[in-house]
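Me: I have a protein model open and would like to learn how to read it. Can we go through it step by step?

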Amino acid sequence: MSPAALRRPALKVLELVGVLLIASMGVFSLVVLLPGDPAVDILGAGRSPAEYAELRTELGLDQSLVTRYLDWLGGVLTGDFGQSVVPPQSDVTDRVLSALPVSFEIAALGLLIALLIAVPLAMWSAYRENSAADRIIGAGTFGVLSVPSFLAGLLLILLLVNSAGWFPRSEWIRLGDGDLLGNLHHAFLPALTVALAELAMFTRVLRGDLIVTLREDYILAARAKGMNPLRILFTDALRPSSFSLVTLLGLSLGRLIGSTVVVEYLFGLPGMGTLVVNAAGQGDYPMVQGAVLTIAVIYVVINAAIDFSYGYLDPRTRRVHA
């Protein structure tokens, strides 16, 4: 491997470290610089000045911003996000590690459902461009995109929970409990709610890229030779057409882990969205910092992995940087 080929991954890793450092600064600063006094938010109004001063000292609020950031970052690098300051007080890392698998499973399962539906729809729509099927798929995806997640969730609850009784409305069975089928039974409906909007976007994006690819000379030559359409679509057209889809997939996964608050609320899920909203409402600043930083790190790492995957999806990108 040439020195230039080795240098590019090393630079990418350095960029990743720099972005993560900037993300940590942003998370710490945004939470710390919020208006109001954390001591008053935690203890409530009407306490004595000595009690507020004691809590500020306990939280390190009497130190400089740089010192507080370095102390917090040192703990983060060792896996210690600190302690919750709102009763019942608990370890932030434990709470994040408890909530993260719930949100990750819902997001990943929702994206899997979306991909399983969107890829065949997009391929059929692109291969039959301007046909009746293409127009029906296009109208359907626009219709799904126009429905907000909370409304889609409520409709699914009315149809599949209240009327049909096929799925539970709330509760959660963790994968660690050993009941995989029970876990999937509880996770399917929230994941389907997440999947609806995503599959519509995936279908539209992949269809547009496939249409461009299917007009390439090598695809036209393959069609002229009478090659099987499925082989053309899956072998020759799908990989080079999946750049935008893969990018959107990574962005969606990172976004959904922390933004499924409405879905988690509708189905009573103890995920990251619920954790952040509850902590912010209670003034639990260490919890907000730990949870938001975790989401930011996941988002950055996923997109870095997607950047590295482009070389596999299309070897031409490797030759460009060789």
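Me: Among contacts in the protein between residues at least 6 apart in sequence, what percentage join residues at least 24 apart?

Reply: Keep in mind that this is a predicted model. The share is 73%, counted among contacts between residues at least 6 apart in sequence.

Me: What does the secondary structure of the protein come to?

Reply: Count the helices, then the strands. There are 15 helices and zero strands.

Me: How many residues does the protein have, and what share of them count as buried?

Reply: The protein has 322 residues, and 40% of them count as buried. Now turn to the surface. About 17100 Å² is exposed, and carbon and sulfur atoms supply 67% of that area.

Me: How do I describe two packed helices?

Reply: Use two values: the angle between their axes and the distance between the axes. Try α5, residues 92-127, with α8, residues 180-213. They pack at an angle of about 35 degrees, and their axes are 5 Å apart. The contact of α5 with α8 holds 26 nonpolar, four polar and three charged residues.

Me: In which hand does α5 pass α8?

Reply: The crossing of α5 with α8 is right-handed.

Me: Where is T203, and is T203 buried or exposed?

Reply: T203 sits in helix α8. Its relative accessibility is 1%, so T203 counts as buried. Next, list its contacts, leaving out residues up to four places away in sequence. T203 then touches A118, L121, A122, I137 and T141.

Me: Let us stay on that helix. Which residues is L210 in contact with, leaving aside its neighbours within four places in sequence?

Reply: L210 also belongs to helix α8. Its contacts beyond those neighbours are A122, M123, A126, A237, L238 and S241. L210 has a relative accessible area of 0%, so it is buried. Compare sequence with space as well. L210 and S242 are 32 residues apart in sequence, with 8.3 Å from C-alpha to C-alpha.

Me: S241 was on that list. Where is S241 found?

Reply: S241 lies in the loop between α10 (229-237) and α11 (243-259). A loop residue can be checked for burial too. S241 has 1% relative accessibility, so it counts as buried. Not counting residues up to four places away in sequence, S241 touches L206, D209, L210 and T213. The C-alpha atoms of S241 and V205 are separated by 9.5 Å, and these two residues are 36 apart along the chain.

Me: Which residues touch the most other members in the largest nonpolar core?

Reply: They are I257 and M272, in a core of 71 residues. The largest share of this core comes from α5, with 16 residues. Look at I257 in detail. Leaving out residues up to four places away in sequence, I257 touches L100, S103, F104, A107, M272, G273, I295 and I298.

Me: One last residue. What is the phi of N130?

Reply: N130 has a positive phi of about 70 degrees, although it is not a glycine. Find N130 in the loop between α5 and α6 (132-145).

Me: Why does N130 count as exposed?

Reply: The cut-off for exposed is over 50% relative accessible area. N130 has 56% relative accessibility, so it counts as exposed.

How values were computed: Residues are numbered from 1 along each chain as its sequence is written. This is a predicted model: local features need pLDDT of at least 70, side-chain atom pairs count only at pLDDT 80 or more; totals for chains, interfaces and linings use all residues. Side-chain values use heavy atoms; hydrogens and water are left out. Axes are lines fitted to C-alpha atoms, for helices over the stretch in contact, and angles run from 0 to 180 degrees between N-to-C directions. Helices (H or I, at least four residues) and strands (E, at least two) are DSSP runs, numbered from the N terminus. A crossing is left-handed if the near helix is turned anticlockwise from the far one by less than a right angle, and right-handed if clockwise. Ala, Val, Leu, Ile, Met, Phe, Trp, Tyr, Cys and Pro count as nonpolar, Asp, Glu, Lys and Arg as charged, and the others, Gly among them, as polar. Buried means under 20% relative accessible area, exposed over 50%, partly exposed in between (1.4 Å probe, protein chains only). Contact means heavy atoms within 4.5 Å. Accessible areas come from the Shrake-Rupley method with a 1.4 Å probe; for residues, only the protein chains shown count as cover. A nonpolar core is a set of buried Ala, Val, Leu, Ile, Met, Phe, Trp, Tyr and Cys residues joined through side-chain atoms within 4.5 Å.
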